[in-house]
There are 2 protein chains.
Amino acid sequence: MICGRTPDELIRDIEGFHGFVAPGLVIGAFMVDLAREHIGQNTEADAVVETRHCLPDAVQILTPCTVGNGWLKIADLDKFALTLYDRHTFAGFRVWLDLNKAKAHPNVYNWFMGLVSKKDLPKEILIPAIFDAGRDILSVKPVTVRAEFAKREKKSKIAVCPACNEAYAAAQGTPCLACQGKDYYHTGS
Amino acid sequence: MICGRTPDELIRDIEGFHGFVAPGLVIGAFMVDLAREHIGQNTEADAVVETRHCLPDAVQILTPCTVGNGWLKIADLDKFALTLYDRHTFAGFRVWLDLNKAKAHPNVYNWFMGLVSKKDLPKEILIPAIFDAGRDILSVKPVTVRAEFAKREKKSKIAVCPACNEAYAAAQGTPCLACQGKDYYHTGS
């Protein structure tokens with residue numbers, strides 16, 4: 001069982017949320033499972049993932065932590081690793097894909113390192129190889145998350161932008177960031 | 001119906017994923033519903049939310065877009081707004097909570113602007129007020145998402161850090177960002 005699921009149930013839950021079975025998400029499930037076991041079932045745990053790719057969804061599917069509820073944070077380190085930590089003491093466990101161990105599972109290693117094309121390593125071979133590897137390719141160590149990173153944000157003071165008349169975080173200054181030219185769109189289609 | 005759900009089904013799905021019924025998530029559901037209607041059911045849409053609070057989960061629950069699959073992006077503008085856009089043309093619709101309209105729904109307005117305590121406006125009153133307001137507090141406009149924001153990231157080249165022996169994005173330089181001191185934890189419990 002991985003996070004209380006059979007492999008078929010895990011595949012179904014990944015497809016339902018993520019849209020397709022990404023190999024990194026299956027590895028991520030084993031990572032969450034290992035971290036969860038170390039921290040214990042009775043600890044209220046927050047989570048950090050070290051990449052925006054795949055891993056956030058493993059945590060969101062398999063734990064109560066989500067981006068929107070703030071219990072999952074993304075550290076933009078672009079590494080395939082995650083940490084579950086006690087939300088009161090900040091003590092927890094970091095799990096990562098250990099390259100030295102992964103070398104014993106060439107299909108997984110070659111996919112992870114981008115050494116093989118999708119054509120030469122189709123999912124029908126890769127996904128079973130990941131289930132076969134399971135925790136064998138992972139390492140875990142105790143860590144303590146830095147307080148400034150772990151602590152939950154307080155809601156910032158709200159202002160109304162004089163330019164767009166929308167509410168925004170007052171700390172941005174006046175006008176709001178979007179009206180300062182930092183928006184991601186232009187108006188009109 | 002909101003995104004194909006009755007209010008009870010919506011509440012159940014929010015609780016299941018987010019852990020509790022956050023008022024912002026119920027408003028977010030009406031926002032996704034309105035944007036979805038404008039862009040049409042047949043358009044493959046990516047999403048942007050303009051805050052990390054609540055709204056990412058509305059999109060993740062009610063659309064195929066997630067943080068982990070990269071179809072949902074977060075623009076850190078700290079505004080209560082979201083955009084669904086055609087992933088090929090980048091044309092879409094931005095929906096935001098319109099303060100002028102919200103004033104006609106004092107409970108929703110006062111909660112949103114932080115003018116009332118949880119004690120004075122319990123969820124038993126606030127959540128029905130949000131369902132009652134529905135789309136009346138929202139505005140929508142056509143936008144085109146800037147190409148540099150909309151385009152999907154290519155996977156970056158992978159390097160192995162000589163300090164920690166983990167894989168990371170080569171663009172970070174050597175050693176990896178974490179070993180440059182930008183990690184979020186210290187080792188040990």
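In this predicted model, His105(B) is found in the loop of chain B that runs between helix H4 (99-102) and helix H5 (106-112). With a relative accessible area of 16%, His105(B) is buried, because buried means a relative accessible area under 20%. When its neighbours within four places in sequence are left aside, His105(B) is in contact with Asp132(B), Ala133(B), Asp136(B) and Ile137(B).

The relation between the two chains can be described next. A turn of 180°, together with a shift of 0.0 Å along the axis, lays chain A on chain B with an RMSD of 0.0 Å. The two copies are thus related as by a two-fold rotation axis. Among the residues of chain A, Val67(A) is the one that comes closest to this rotation axis, its C-alpha lying at 4.0 Å. Of the interface residues of chain A, 100% are also interface residues in chain B, so the copies meet through the same surface.

A search of the whole structure for cavities of 30 Å³ or more finds one, and the largest cavity holds about 30 Å³ of space. Its lining draws on chain A, through Glu166(A) and Ala167(A), and on chain B, through Phe80(B), Leu97(B) and Phe112(B). The table sets out how the residues of this lining divide by class.

| Class of residue | Number in the lining of the largest cavity |
|---|---|
| Nonpolar | four residues |
| Polar | no residues |
| Charged | one residue |

The charged residue of the lining is Glu166(A), because Glu counts as charged, whereas Ala, Leu and Phe count as nonpolar.

Key:
Residues are numbered from 1 along each chain as its sequence is written. Chains are lettered from A and ligands numbered from 1 in the order in which they are written. This is a predicted model: local features need pLDDT of at least 70, side-chain atom pairs count only at pLDDT 80 or more; totals for chains, interfaces and linings use all residues. Side-chain values use heavy atoms; hydrogens and water are left out. Helices (H or I, at least four residues) and strands (E, at least two) are DSSP runs, numbered from the N terminus. Buried means under 20% relative accessible area, exposed over 50%, partly exposed in between (1.4 Å probe, protein chains only). Contact means heavy atoms within 4.5 Å. Copies are superposed by least squares on the C-alpha atoms of residues with pLDDT of at least 70 in both. On a 1 Å grid over the protein atoms alone, a cavity is a set of points where a 1.4 Å probe fits but cannot get out, and a pocket is an open set with protein on both sides within 12 Å along at least five of seven lines; lining residues have an atom within 4 Å of a point. Grid points are joined across faces, edges and corners, and a volume is the space filled by probe spheres set on the points.
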